[in-house]
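Work through the exercises below with the sequence and the model side by side. Try each task before reading its solution.

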Amino acid sequence: MKSHSTSQRLKQIMAARNMRQVDILKAAEPFCSKYGVKLGKNDLSQYVSGKVEPRQDKLTILGLALGVSEAWLMGYDVSMER
């Protein structure tokens with residue numbers, strides 16, 4: 001069951017790990033290069049603000065960069081672990 005939004009989950013993990021959006025982008029760089037996915041400042045800003053939900057490819061990149069499961073990041077009541 002979905003209990004949170006991706007925006008809420010991103011804010012939650014940023015607060016817990018004392019991360020900023022730029023830190024997430026840096027952590028995502030190697031995965032973006034490896035899988036050929038472009039994740040920019042504007043994309044992440046819109047995800048955090050809740051204006052836009054990430055597509056599956058970008059959700060996967062965020063999950064890998066943050067070390068969390070995509071389902072958790074989407075807001076489902078599942079374990080945070082990958």
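The exercises cover a core, two helix pairs and three loop residues.

This is a predicted model, in which local features need pLDDT of at least 70, side-chain atom pairs count only at pLDDT 80 or more, and totals for chains, interfaces and linings use all residues. Residues are numbered from 1 along each chain as its sequence is written, and side-chain values use heavy atoms, with hydrogens and water left out.

**Exercise 1. Find the residues of the largest nonpolar core that touch the most other members.**

Step 1. Fix the term. A nonpolar core is a set of buried Ala, Val, Leu, Ile, Met, Phe, Trp, Tyr and Cys residues joined through side-chain atoms within 4.5 Å. Buried means under 20% relative accessible area, exposed over 50%, and partly exposed in between (1.4 Å probe, protein chains only).

Step 2. Pick out the hubs. The largest core has 21 residues, and Leu10, Ile24, Leu39, Leu44, Leu62, Leu66 and Leu73 touch the most other members.

Step 3. Assign elements. Two or more residues each come from α1 (6-16), α2 (21-35), α3 (41-49), α4 and α5. Helices here are DSSP runs (H or I, at least four residues), numbered from the N terminus. With five residues, α4 gives the most.

Step 4. Check one hub. Leu73 touches, among others, Thr6, Leu10, Leu62 and Leu66, not counting residues up to four places away in sequence. Contact means heavy atoms within 4.5 Å.

**Exercise 2. Describe how α2 packs on α4.**

Step 1. Take the axes. They come within 8 Å and cross at roughly 120 degrees. Axes are lines fitted to C-alpha atoms, for helices over the stretch in contact, with angles from 0 to 180 degrees between N-to-C directions.

Step 2. Classify. The angle makes α2 oblique to α4. Angles under 35 degrees count as roughly parallel, over 145 as roughly antiparallel, 65 to 115 as roughly perpendicular and the rest as oblique.

Step 3. Give the hand. The crossing is right-handed: the near helix is turned clockwise from the far one by less than a right angle.

Step 4. List the contacts. From α2, Ile24, Ala27, Ala28, Phe31, Cys32 and Tyr35 meet Ile61, Leu62, Leu64, Ala65 and Leu66 of α4.

Step 5. Look at the rest of α4. Its buried residues include Lys58, Leu59 and Gly63. The buried residues of α4 pack against α1, α2, α3 and α5.

**Exercise 3. Repeat the analysis for α2 and α3.**

Step 1. The axes come within 10 Å and cross at roughly 125 degrees. That makes α2 oblique to α3.

Step 2. Gln21, Ile24 and Leu25 of α2 contact Lys41, Leu44, Ser45 and Val48 of α3. This crossing is right-handed.

**Exercise 4. Is each of these loop residues buried or exposed: Ser69, Lys38 and Asn18?**

Step 1. Ser69 lies between α4 (56-66) and α5 (70-74). Ser69 is buried, because its relative accessible area is 12%. Its side chain reaches the backbone nitrogen of Trp72 at 3.1 Å. Ser69 also touches Val78, Ser79, Met80, Glu81 and Arg82, not counting residues up to four places away in sequence.

Step 2. Lys38 sits in the loop between α2 and α3. At 70% relative accessible area, Lys38 is exposed. Lys38 touches Asp43 and Lys58, not counting residues up to four places away in sequence.

Step 3. Asn18 is in the loop between α1 and α2. Asn18 is exposed, with a relative accessible area of 71%. Its phi is near 55 degrees, a positive value in a residue other than glycine.

Technical notes: Polar contact = N/O pair within 3.5 Å; in protein donor to acceptor, adjacent residues only side chain to side chain.
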